[in-house]
Amino acid sequence: TEEFLRRTDKLSLAGEMAAGVAHEIRNPLTSLQGFVQLIDEKSPEHHTYTSIMKSEIKRIDGIVNEFLMLAKPQPVIMKPHLFKEILEDVILLFETECALKNVMIDVRMNIRHTELMCDANQLKQVFINLLKNAIEAMPNGGLISVSALHYENELIIKIQDSGEGIPPHILEHITKPFFTTKEEGTGLGLLITKDILKQHNGSMTIQSKEKQGTTVEIRLPFLPSAVLSL
Ligand code: ADP
Ligand code: MG
């Protein structure tokens, strides 16, 4: 137990430090952003450069935000929730973006009354990250099929997109910290997703075919708390 205590102690110290560093990065970043905006207005001839600077500043901000979430995780609050509502709430968040980007989301759920012990906000983050990736994989629009079903003592959720897919040599790297193939990516989305699923004793498998699409399968056990409280 002493070793365990020391470990949690160290972890929270690292979390505190990360939060501090994130804060220290954000302040000068805000000031940079302001001045880049000013240059953009005063000398529009430099727009090519300032627009790159702006998107890079946005990228740093994204990394800091996602890093903060990893380093200083919110306390996990496990409560029974209607799973259907969690998924529906997230899908609603993407409605406008999907309409703009020509993306259709098809939802099939056989889980009207299914309750899951979970932290609803954290699980929402999982589906936000996955839907975001699916949308980003389809720059010219396409279809996302979401299905959820109750099988034995697990909830099985599939998110399938008709996007660009992931080449096999890339697939093995995608959950690594900061691994991204995107211009403005942070490479932290899937890492955070894996972390949250672990806290729920869940699992994730990703299957992909280049130029055809990607399917992410999530499995969540109905009683994760019984294991977590050991
Ligand atoms: P980010 O989205 O910021 O790049 P993620 O951790 O969410 O970081 O994803 C890491 C990488 O995995 C992405 O850059 C992309 O190459 C790949 N990826 C994840 N989901 C998909 C998907 N649905 N379709 C194609 N590639 C994907
Ligand atoms: Mg992502």
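**Two helices, a ligand and a run of strands**

Let's start with a pair of helices: the axes of α5 (residues 120-136) and α7 (residues 189-199) come within 9 Å and cross at roughly 145°. The crossing of α5 past α7 is left-handed. Keep in mind that what you're looking at is a predicted model.

Which residues do the touching here? From α5 there are Gln122, Leu123, Gln125, Val126, Asn129, Leu130, Lys132 and Asn133, and they meet Gly189, Leu190, Ile192, Thr193, Ile196, Leu197 and Gln199 of α7. Sorted by class, this contact between α5 and α7 holds seven nonpolar residues, seven polar ones and one charged one.

Now follow the helices to ligand 1. Both α5 and α7 take part in the shell around ligand 1, each supplying at least two residues. There are 21 residues around this ligand, and the ones that come nearest are Asn133, Ala137, Thr180, Gly185 and Gly189. Asn133 and Gly189 may look familiar, as they also belong to the contact between α5 and α7. As for the make-up of the shell around ligand 1, you'll find eight nonpolar, 10 polar and three charged residues.

Next, turn to the strands. A good place to begin is β5, which covers residues 154-161. In a regular strand, side chains alternate between the two faces of the sheet. In β5, Leu155, Ile157, Ile159 and Asp161 make up the covered face, while Glu154, Ile156, Lys158 and Gln160 make up the uncovered one.

What does β5 pair with? One partner is β4 (residues 142-151), in an antiparallel pairing over eight bridges. Here Ile156 of β5 has Leu149 standing opposite. The two strands form a hairpin with two residues between them, and in that turn Glu152 has a positive phi of about 50°.

Another partner of β5 is β7 (residues 213-221), again antiparallel and over eight bridges. Two residues from the covered face of β5 help you line these strands up: Leu155 stands opposite Leu220, and Ile157 stands opposite Ile218.

From β7 you can step across to β6 (residues 203-209), since DSSP-style pairing shows up here too: seven bridges join β6 to β7, and the strands run antiparallel. Gln207 is a handy marker, standing opposite Thr215 in β7. β6 and β7 form a hairpin as well, with three residues between them, and Lys211 in this turn has a positive phi of about 65°.

Technical notes
Residues numbered from 1 in each chain as written. Chains lettered and ligands numbered in written order. Predicted model: local features only at pLDDT ≥ 70, side-chain atom pairs only at ≥ 80, totals over all residues. Buried ≥ 20, exposed ≤ 12 C-beta atoms within 10 Å, placed from the backbone. Helix = DSSP H or I, 4+ residues; strand = E, 2+ residues; numbered from the N terminus. Pairing = 2+ DSSP bridges. Axes fitted to C-alpha atoms, helices over the stretch in contact; angles between N-to-C directions. Left-handed = near helix turned anticlockwise from the far one by under 90°. Contact = placed C-beta atoms within 7 Å. Nonpolar A, V, L, I, M, F, W, Y, C, P; charged D, E, K, R; others polar. Near = placed C-beta within 6 Å.
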